[in-house]
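The exercises below concern aromatic pairs and one charged residue. Work each one before reading its solution.

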Amino acid sequence: MQEHVVSTEKQTHGFQAEVSRLLHLMIHSLYSNREIFLRELISNASDACDKLRFSSLDNPALLEAAGELGITIQLDNESGTLSITDNGIGMDETEVIDNLGTIARSGTEKFLASLSGDQKKDSQLIGQFGVGFYSAFIVADKVAVESRKAGTEAAAGVRWESDGQGEFTVETVARDQPGTSVILHLRDDAKEFLDPFKLRQVVNQYSDHVAFPIRLIVPADGDEAATEETLNSATALWQRPRSEVSDEEYQNFYKHISHDFQDALTWSHNKVEGKLEYTSLLYVPARAPFDIYHRDASRGLKLYVQRVFIMDEAEQFLPQYLRFIKGVVDAPNLPLNVSRELLQDYGPVKKIRAALTKRVLQMLKKLGNDDEQYLSFWSQFGQVLKEGIGEDPDNRETIAGLLRFASSVQDEDLASLDEYLDRKPAEQDKIYYLLADTASAARQSPHLEVFRKKGIEVLLLSDPVDEWMISYLDSYKDVKLVNAARGELDLDELNDTDQDSPLVARLKSSLAAEVETVRATQRLVDSPSCLVLAKDELGPQMRRMLEAAGQPVPENKPVLEVNLDHDLLKALDSVEEGDKFNDLAALLLDQAMLAEGQLPKDPAATARRMHQMLVNAVNN
Ligand code: ADP
Ligand code: MG
C-alpha cells in the first residue's frame, strides 16, 4: 500500500488560464457535435485500463484486485446524471489536480489558434490536442470526478468537482474500488444523453473498437427492471482476421488511435508468423498534423505485447521519414517489461522495423496506382518522404520510385521517375533535373531553353529539401541523374561552340573578379547569358540552408555562359574596351543572377548601370 497524505478539508483551486479559455469556448460555442464528449471520456477510461494492465506486469496484485477491466456507463434519470466508470489505474490527489486543472501538452495554444469557427470541425479537433476531458462541460453544467489510484487504500480516494467557471474543488473521500468515475450533471438541453438508445448509437459510432467491454446500466424504472448490456465487441481489432473486419471498423479504429477526425487514406494489416512473430496495422493519414516538423511532435506506433498495451509513440519501429504513419504493432515475443532504451538496440526490433519500413513503402507504391489519392498523399507528406532518400540507403531506389516532380513537358501534372524513363528516347542516357527556388522560376529558367529546343524533358525541383535530397540520388534504375544547370553539357553535338571568340576572352578579363570563367554555350536560345555551377559546387538552396543554420559557407564563383548568337552579344562585340563595355559585361552577369532568383552582388550598382542604360536608350 502506498503512503498517501490525506488533506482533510475541501480545497479550492483555480484553473490554469488556458483551461479557463478552453472551457469558456467549449461551453459557449462547441455544441453542434457534442456527443464527442462520450468518445473522449471512454477513451480516457480505456487508457486508464491499459495503464493498469501495464503496471500489473510489475505488480500482479493490481490486476488481481481489479478483476476484469472494463468501462461502465450508468444513467440516473432522477438526478439527471450520467457517469462513466472504469476500474483502471486511477489518480491520486496530485494527479487529479495536475491532470484536470492544467493542460500538459504544448498544443493548447495551437488548438486555440486553429479553431476555425466552424463548430463541427472545431469540436473534432479536441481529441487531437489532448484536451478531451474538458469536453465533458459541453453537455454538463457540473462535473464530478471520483478516483482512487490502484494500489492505495479505500480512504485515499479523491473527489474533484467543478462547474467549469474558473475554479474546481478537491477533497478526500473514501472509495471502495480503485479506478475513476466521471459524473456528469447534464444540462437541461443535453438530457437526450439519458436515453439508452442514444447512448448505444454514440458508443457504436465512436467507440466500438475499444478493447475493453463497455457496459450500459439502466436502472429500474416503474415496472421495468434494471438492465445491463455490453455495447461493444471489445476485441483487439488487429488480432481479428482481415476478412472479418469492415472498412468502417478499420476507419473507426484509426480515429481512435490517431485522434484524427478524418478517414485514413489507406492501411495495411498483416500478421507475420515464424521466429519473428508480429502483427501490424499501419495507416496513412489523409492530412499532415500541424506539428509534423516539430522535433517533439508525437510519432511512432502503439506497441502491444500479447495484446497488452506497452507504450504509445514507440518510435523505434519506423524510420524518422515515415513518422506520419499511425498504427499498432503487437510483437508477442518481446519481453513484457521492454523499455524505450531496450527497444533502441534490440535485435528483433530492428528486424521488425526493417520489415515494417518495406511494408509501408509497398503500401505507398500501391497507393500510387490511384493518381488522385496519391497526389493527395504527396501534397501532405511528399516533403517528409524525401528525407528518406538521404536517410535510408537500403530503400533508396524504392523511395525514389515514390517521388513526384514537376516537369518541363507538363504544365501541372507531376511526373514519377518511371514515367520519365518511359517517355525518354532510348538513346538519351540521363535523367535531367533543374533546381530553382520556385516552380515558376524553374519553368522560366534560361537553362531549359536548349532542352526545350531539343525536346528533352527536365524535372523541376523547387522544394527547400530538394538540393539536399538529390545529392543522395546519383542514379535511378541505372540511369544517371544530371543537373541541367551544372558543369558542361554534353547533349551530343552541343560542344562545337567557338571558345576562341575574342569576345569571350574580353568578357573573361572584364569579369575576372566575379566569375570563375566565361565560356560560350549552346545551352541558351532566347537568353543572352546564364550561370552554371561547377560540378561539385554547392547550389543556392544548400547555401541558404547552411547560412540559416549558422554554418560557414564556402565562397564560390560561378561560371558565366554566354550565347554568342544573341543580339546583345553581337552588339557587345563591337563595343570598345572601356567603362561602357565593363558596365554591359557586369549587367550580363547581373541579369543571369536575377534569372536564378539571386540578387546581384551589389544591387545598387546594378540599378545605377541600368538607369544609365535606360537614359542612353531614351535619348537615342
Ligand atoms: P489526454 O487523454 O489526451 O491526455 P484528456 O484531457 O482527455 O487528455 O485527459 C487528461 C489527463 O487526465 C489524462 O492524460 C489522464 O492522465 C487523466 N485522466 C483523465 N481521465 C482519466 C481516467 N478515467 N483515469 C485515469 N486518468 C484519467
Ligand atoms: Mg483523453
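**Exercise 1.** In this predicted model, determine whether tyrosine 250 is buried or exposed, and classify its pairing with tryptophan 267.

*Solution.* Tyrosine 250 has a relative accessible area of 3%. Buried means under 20%, so tyrosine 250 is buried. Tryptophan 267, at 21% relative accessibility, counts as partly exposed. Next, take the ring geometry. The search of the whole structure finds 19 aromatic pairs. In the pair of tyrosine 250 and tryptophan 267, the centres are 5.1 Å apart and the planes make an angle of 35°. Planes under 30 degrees apart count as stacked and over 60 as edge-to-face, so this pair is tilted. Finally, place the two residues: tyrosine 250 belongs to helix H9 (residues 247-258) and tryptophan 267 to strand S10 (residues 266-272), 17 residues apart.

**Exercise 2.** Classify the pair formed by phenylalanine 133 and tyrosine 134, and name the cluster that contains them.

*Solution.* The centres lie 5.5 Å apart, with 75° between the planes. The pair is therefore edge-to-face, since the angle is over 60 degrees. Both phenylalanine 133 and tyrosine 134 are buried. Their aromatic cluster consists of Phe15, Phe133, Tyr134, Phe137, Trp160 and Phe168.

**Exercise 3.** Describe the surroundings of aspartate 312.

*Solution.* Start with location: aspartate 312 lies in strand S13 (residues 308-314). Its relative accessible area of 35% makes aspartate 312 partly exposed. Leaving out residues up to four places away in sequence, aspartate 312 touches Leu301, Lys302 and Arg340. With lysine 302 there is a side-chain to side-chain polar contact of 2.8 Å.

Notes: Residues are numbered from 1 along each chain as its sequence is written. Chains are lettered from A and ligands numbered from 1 in the order in which they are written. This is a predicted model: local features need pLDDT of at least 70, side-chain atom pairs count only at pLDDT 80 or more; totals for chains, interfaces and linings use all residues. Side-chain values use heavy atoms; hydrogens and water are left out. Rings of Phe, Tyr and Trp (its six-membered ring) pair if their centres lie within 6.5 Å; planes under 30 degrees apart count as stacked, over 60 as edge-to-face and the rest as tilted. Buried means under 20% relative accessible area, exposed over 50%, partly exposed in between (1.4 Å probe, protein chains only). Helices (H or I, at least four residues) and strands (E, at least two) are DSSP runs, numbered from the N terminus. Contact means heavy atoms within 4.5 Å. A polar contact is a pair of N or O atoms within 3.5 Å; within protein, one must be able to donate a hydrogen and the other to accept it, and residues adjacent in sequence count only if both atoms are side-chain atoms.
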